[in-house]
Amino acid sequence: MKNHRYWLALSRLPGIGPVTVRRWLDYFLTVDKLFSASTTDWQTAGLTAKHIDLLKSIRWNIIDNDLVWLEKNNGQMLSLDDPDYPPLLLEIHDPPLVLYLQGDKTVLMQQQLAMVGSRHPTPFGQTLAFQFAKELASNGLVITSGLALGIDAASHKGVLAAKGKTIAVLGTGLKTIYPRSHEKLAKDIIDEGGTIVSEFPLDMPPKAKHFPLRNRVISGLSLGVLVVEAAIRSGSLITARMALEQNREVFAIPGSIHNPLARGCHQLIRQGAKLVEESKDILDEIRPLKKEINCAPPVLEKSEPVDLPPPVRRVLAQIGYEVTALDVIIMRSQLTAAEVSSMLLPLELEGYVRVVPGGYIRA
């Protein structure tokens, strides 16, 4: 619980983003050590006077109120060092420090396709989004979108019609469903086994600058992004660009040359997005990309080596069959960088783990 308080406090620091906090944790290794450090330690780690003032002026009563609200409203939080933090999202440049959520958190670990598009689509575009989402959900994909008007809403509703799972990523705090007309849709998503998720503090109202940040989470959670209808200048194309930066697949549905909402999709196709005419076009591309998403460190079962010293087994337990970065292993194990490095070498030599670009995986 103490760690949760610290992570929530960090997520509420004004003007301080994930990249800055991760830089602090590169030095202090854990949030406990960061918050128990002296002013001199903070200065040595490179924190500015402004940063130090912010850390000293945290209003802990607000943090405690957040925890109470989450408990009373079946809410949960995942911090960056949580073993249940979605591994694909962890790969992006600036993963959120905290994810606030309501619903089934395990859905975040499942194979996802993002669907985005215009807030003011044509009736045909809405029908396309509904049908594609329904078919893709029927084939086992979780559909992730932003709960916005238009294509987002049609996508969520298509999944619900298929009795599938969908994730709504908010640009507000969980206390504020935006638009308000989608409060029932958000409830239906949760009731049907999906989840709504946000990186913003619980009481955060809608702010224009937050929606592009939300978009990177939509694409970061997913194997790929499908753009249904989008104008040349739209948030959907921002999401597609972010997907490319995150090394995700981008799909686009073409339309009439006379439809201005098809031009964004046509531009994406000219730039290399995969043209989609039916759901099979996406499934054929996604299936080879599917990999076991299991961010939780595997439990050491009886078949695991029992002759390893407990600290070494502790390090091994933090490494899954997905790529696990060194700083993640350090945060999870609660050991120092030197201790972890000294244990990784024998694990590698004995064939328990392999070094790969970006970190380590189970051999």
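**Helix packing and nonpolar cores in the predicted model**

The buried residues of helix H9 pack against strand E3 (112–116), helix H8, strand E4 (142–145), strand E5 (166–169) and helix H10 (183–191). These contacts, like every value reported here, are computed from a predicted model. H9 is mostly covered, with nine of its 11 residues buried, and the buried residues are Ile151, Asp152, Ala153, Ala154, Ser155, His156, Gly158, Val159 and Leu160. Just after the end of H9, Lys163 adopts a positive phi of about 60°.

Among the elements that pack against the buried residues of H9 is H8, and the geometry of this pair was examined in further detail. The axes of H8 (residues 123–138) and H9 (residues 151–161) come within 7 Å and cross at roughly 40°; the two helices are therefore oblique to each other, and their crossing is right-handed. On the H8 side the contact is made by Gly125, Gln126, Ala129, Phe130, Ala133, Lys134 and Ala137, while H9 contributes Ile151, Ala154, Ser155, Lys157, Gly158, Val159 and Ala161. Classified by residue type, this contact has eight nonpolar, four polar and two charged residues. Of the H9 residues named in the contact, Ile151, Ala154, Ser155, Gly158 and Val159 also appear among the buried residues of that helix.

A further helix pair is formed by H11 (residues 210–220) and H12 (residues 235–245), which pack at an angle of about 50° with their axes 9 Å apart. H11 and H12 are therefore oblique to each other, and H11 passes H12 in a right-handed crossing. The contact involves Pro212, Asn215, Arg216 and Ser219 of H11, together with Gly235, Ile238, Thr239, Met242 and Ala243 of H12. The residues of this contact divide into four nonpolar, four polar and one charged.

Helix H16 (residues 326–333) is also mostly covered, six of its eight residues being buried, namely Val328, Ile329, Ile330, Met331, Arg332 and Ser333. The elements that cover these buried residues include helix H2 (18–28), helix H7 (87–90), helix H15 (310–316), helix H17 (337–349) and strand E11 (359–362). Just after H16, Gln334 takes a positive phi of about 65°. With respect to H17, H16 packs at an angle of about 110°, the axes of the two helices being 10 Å apart, and that angle makes H16 roughly perpendicular to H17. The crossing of H16 and H17 is right-handed. Leu326, Ile329, Ile330 and Ser333 of H16 meet Ala337, Val340 and Leu344 of H17 in this contact, which by class has six nonpolar, one polar and no charged residues.

Ser333, located in H16, has a relative accessibility of 0% and therefore counts as buried. When residues up to four places away in sequence are not counted, Ser333 touches Arg314, Gln318 and Val340; Val340 is also one of the H17 residues in the contact with H16. A contrasting environment is found for Pro288, which lies in helix H14 (residues 279–289) and, at 64% relative accessibility, counts as exposed. The C-alpha atoms of Pro288 and Glu71, which are 217 residues apart along the chain, are separated by 39 Å.

Beyond the individual helix pairs, the nonpolar cores of the model were considered. In soluble globular proteins, nonpolar side chains tend to be buried together. The largest nonpolar core here comprises 73 residues, of which Trp7, Leu10, Trp24 and Leu55 touch the most other members. The largest share of this core, five residues, comes from helix H1 (residues 2–11). A second, separate core of 23 residues includes Met115, Leu141, Val228 and Ile282. Returning to the largest core, Leu55 is in contact with Leu10, Leu13, Trp24, Phe35, Trp42 and Leu47, residues up to four places away in sequence not being counted. Leu10 and Trp24, both touched by Leu55, are thus themselves named with Leu55 among the members that touch the most others in this core.

Definitions and conventions:
Residues are numbered from 1 along each chain as its sequence is written. This is a predicted model: local features need pLDDT of at least 70, side-chain atom pairs count only at pLDDT 80 or more; totals for chains, interfaces and linings use all residues. Side-chain values use heavy atoms; hydrogens and water are left out. A nonpolar core is a set of buried Ala, Val, Leu, Ile, Met, Phe, Trp, Tyr and Cys residues joined through side-chain atoms within 4.5 Å. Buried means under 20% relative accessible area, exposed over 50%, partly exposed in between (1.4 Å probe, protein chains only). Helices (H or I, at least four residues) and strands (E, at least two) are DSSP runs, numbered from the N terminus. Contact means heavy atoms within 4.5 Å. Axes are lines fitted to C-alpha atoms, for helices over the stretch in contact, and angles run from 0 to 180 degrees between N-to-C directions. Angles under 35 degrees count as roughly parallel, over 145 as roughly antiparallel, 65 to 115 as roughly perpendicular and the rest as oblique. A crossing is left-handed if the near helix is turned anticlockwise from the far one by less than a right angle, and right-handed if clockwise. Ala, Val, Leu, Ile, Met, Phe, Trp, Tyr, Cys and Pro count as nonpolar, Asp, Glu, Lys and Arg as charged, and the others, Gly among them, as polar.
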